[in-house]
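The following exercises ask the reader to examine a protein model by its pockets and one of its helices. Please look over the sequence and the structure before starting.

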Amino acid sequence: MLNKITVDQMMEFHPCSAYSRDRVTELWAGREAIDASEICGLAILPQDRVWALTRPGVLPQQVLYLWAAGIVERALGRVETPDPRSLAVVTALRAAARGEAVDWPAVCAAAYAAWRAAADAAADA
């Protein structure tokens, strides 16, 4: 079962100025609360849907971990030799989704190091 989000809850996330309380109320269209599947159906920009879906409590944490792992895997699929640190991030995200303990500081350090290496390589190209 997906969590339902009210207009008040969405406003507590401090959306950008394009989403005033009146605009969010209009999007909710008389519904007291909406869930993630209804957020996906809103007539808003895709990046705004992603922003809304990734607010705390909108989707279960397990779903967010799997979603992030899928995004990283798709990105790494475009690289001939992915950085092992990036692959470690995918492994950690999938482990977290299974409820296993994850050393988040180490995962974040690896992700940042891989990102920095990719940025440096792009700058040198």
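Three exercises with worked solutions follow.

The model is predicted: local features need pLDDT of at least 70, side-chain atom pairs count only at pLDDT 80 or more, and totals for chains, interfaces and linings use all residues. Residues are numbered from 1 along each chain as its sequence is written, and side-chain values use heavy atoms, with hydrogens and water left out.

**Exercise 1.** Describe the largest pocket and its lining.

Solution.
- Step 1: The volume of the largest pocket is about 250 Å³. A pocket is an open set of points on a 1 Å grid over the protein atoms alone, where a 1.4 Å probe fits, with protein on both sides within 12 Å along at least five of seven lines; lining residues have an atom within 4 Å of a point.
- Step 2: The lining has 14 residues, and those closest to the centre are Leu 76, Ser 86, Ala 114, Trp 115 and Ala 118.
- Step 3: At least two lining residues come from each of H5 (61-76), H6 (84-97) and H7 (104-124), with H7 giving the most, five. Helices are DSSP runs (H or I, at least four residues), numbered from the N terminus.
- Step 4: By class, 11 of the lining residues are nonpolar, two polar and one charged.

**Exercise 2.** Determine on which side of H7 its buried residues lie, and what is exposed on the other side.

Solution.
- Step 1: H7 has 21 residues and spans 30 Å from its first C-alpha to its last, close to the 30 Å expected at 1.5 Å a residue. The expected span is 1.5 Å times one less than the number of residues.
- Step 2: Val 107, Ala 110 and Ala 114 are the buried residues of H7, where buried means under 20% relative accessible area and exposed over 50% (1.4 Å probe, protein chains only).
- Step 3: They lie on the same side of H7, because they cover an arc of only 65° around the axis. The arc is that of the directions from the helix axis to the C-beta atoms.
- Step 4: Pro 105, Trp 115, Ala 123 and Asp 124 are exposed on the other side of H7.

**Exercise 3.** State whether Ser 86 is buried or exposed, and what it contacts.

Solution.
- Step 1: Ser 86 belongs to helix H6.
- Step 2: Its relative accessible area is 15%, so Ser 86 is buried.
- Step 3: Leaving aside neighbours within four places in sequence, Ser 86 is in contact (heavy atoms within 4.5 Å) with Val 72, Leu 76 and Ala 114.

How values were computed
Grid points are joined across faces, edges and corners, and a volume is the space filled by probe spheres set on the points. Ala, Val, Leu, Ile, Met, Phe, Trp, Tyr, Cys and Pro count as nonpolar, Asp, Glu, Lys and Arg as charged, and the others, Gly among them, as polar.
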